[in-house]
Amino acid sequence: MKFFNRWHEKQPEKPIRMRQFIVFTQKEFKHIFRDRWTTLILLVLPILMIILFGFGINTEIKNTKFAVYDPSHDVATQGIVNKLLTSEYFTLSEFVNTPNEIENIFKEKGIGLVVVFSEKFYENLLHTGDAQVQLITDGTDPNTASILTAYASNLIFSYQQDLISAQDIPYQIKPEIKLLYNPTLKGVYSTVPGIIGVILILICAMMTSISIAREKEQGTMEILLVSPMKPIVLILAKVVPFFCISIVNLVTILLLSVFVLEVPIVGSLFLLILVSLLYIFVALSIGLLISSVVDKQMVALLISGMALMLPFVYLSGMMFPIESMPIVLQWISNIIPAKWFIIAMRNIMIKGLGFSSIVKEVAILSFMALFFIMLSLKKFKLRLE
Amino acid sequence: MSVIESKNLSKNYFSAKSGKFAGIGLRLSGDPKSPSGDLGDGLCFEVDKGEIYGIIGPDGAGKTTLFRILTTLLLPDSGTATVDGFDVVKDFKKIRSRVGYMPGRFSLYQDLTVEENLKVFASIFNTTIEENYHLIKDIYQHIEPFKTRRAGALSGGMKQKLALSCALIHKPSVLFLDEPTTGVDPVSRKEFWEMLKKLKSEGITILVSTPYMDEASLCDRIALIQNGEFLTIDSPQNIVNKFNKILWSVHSNNMSKLLNDLRSHAGVGVCYAFGDTHHITVVDEKLTINTLSDFLQEKDHKDVVISKIEATVEDCFMELAIPKN
């Protein structure tokens, strides 16, 4: 608290400071909306990003070629293969004679999935109630791989349902999923939380840092410093417009993802907004921190664009599953706010879990926000050097 | 009582990477009450209330550094300075609420209109345009017809008027103007100085820097500065009066050759280009205009015109500055 008291040496009357804040916030809005490019980046870029990502990363997979290794050749294996064939997702490429061929056909024939049945499949199904089928996919493309296995497992499960209803026997077919080249793939891929995470960082951190760097670059910061205005008023007035715009963007993105990309919001909307606001707060404080150390708009842009965006895109789990990263990158991913935001958003949005599932993420994000804000207030330069 | 006082201010610039000494930014030192104004190691810097005080010197002399120290934007490496009785280091917040500062570069919001700029700066200083309109009226009148125009689209002179209005809107006790007339046309410069005179009559102390020597005579007192050191401090008239050398202006058909020929003459002290003539000081008292003219004609100069002239502030500056180089 000692820090804040430093600004309060001679307190002007409240209304005056409020007026100062309002005039200054208006000024910030004018800066934003009078520059066509800034407006465009702030309002149109998020929409473009969500539409490009949403449609560009095509999650619908049709007519994937698959191969079968079937040492059993019985009714059940035939039934499952037929089940796969009746769906629009799969077309049968060939039968494999030995397990050794499996790796080769991946490399040579553009096959997306191999179905491997255990020996005496139907017999096992009848007697032990436990028959095994293995689904092998190419893990170098983890997103396609996970979608293929999910479709195939569903089809096998539905075959099982058919059997149960027909014969009333408690069969259990256990699909065992094996991802070649990337055996540890976990987690549901979902783009929307990742895009929100990146867009908010882009708007909040990049724009805030550039806007303060601009004051320094054009020399107005000199006049602002040689004035009785408190830095906290300046900072708040800088942050408020981007906070508002971030909320507009958040709403746009959610509407687009629900109605255009048809990604449902399973969990609580209230929680989702709460987590987003917290994340916006973190992003704004990162922007403030950047602006307290740089003097040039270009440097602010480079730092927030390169040093910030890249790890946020690649290490947050938005593009690539964190579990399949080298251990060092996994450690680094822990300090990336977007990682925790994406986890929390997936839990709420996709899995529909409650607050108890995101306590850890909320705590980490709150700590980060507090840390960055304290640091940037402390680093705010009261002089030119 | 003096409004601005500084003692032994110094600020050194080091290049950040190598740690190598890059030059002295500013050094003001010495005995304040040196009656003769003799430089030696001594002068102090005091500005009286209601005075227009000029800091005159070439680019890179340290004018902006001095202004930034006095407006609390930079910390001096050593020495002390007070503005309106407040220390520039300890009481920087009090100084910030009572001075007006106009940086050398045009530092307003280019994408805001004239009126919006004024409104923003009024609110920063906890006041309103209406409250102090009388203070800026004379200046603001000139640009009021353009008040809905964006500041970036104003002419150089209008920009300066707007910047001055913004620096004045909170009725500062001291006004710091760092090169306010650089890049401004002669008519606007003249108007600008007339405004400063009016402000002075309102009791505002003005510290103004400029690289233009002709503006020096418009100040009450001036300090000539070079390489971060003051050469002299006095009223412009006294500085000119103190100039005790014989000064001639010389013109011929080949001016660049003339400069070298004059410098080669033993009777000539310093020689420098001054507008379309060269000014020389005469060290050999036996030298007359005629003998010098003959000397030059021998060196193939034609249309030689030599005349005795009165010194200006610039001549004083050259006289003081050149031996230092």
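How much area do chain B and chain A bury between them, and what share of it lies on carbon and sulfur atoms?

**View 1. The interface of chain B and chain A in a predicted model.** About 3200 Å² is buried between chain B and chain A, with 56% of it on carbon and sulfur atoms (buried area being the accessible area, 1.4 Å probe, that two parts lose on being put together, summed over both). In chain B, the residues that lose the most area to chain A are B:L73, B:R96 and B:Y109, which together account for 20% of what that side buries. Local features need pLDDT of at least 70 and side-chain atom pairs count only at pLDDT 80 or more, whereas totals for chains, interfaces and linings use all residues. Residues are numbered from 1 along each chain as its sequence is written, chains are lettered from A in the order in which they are written, and side-chain values use heavy atoms, with hydrogens and water left out.

**View 2. The salt bridge of A:E222 and B:R68.** The two side chains meet at 2.8 Å, N to O, and the rule (a side-chain nitrogen of Lys or Arg within 4 Å of a carboxyl oxygen of Asp or Glu) finds 3 salt bridges across the interface of chain B and chain A.

**View 3. The side of chain B that touches chain A.** Among the elements that each supply at least two residues to this side are α2 (92–98), β7 (99–102) and α3 (114–124) of chain B, helices being DSSP runs of H or I with at least four residues and strands runs of E with at least two. The largest share, 6 residues, comes from α3(B).
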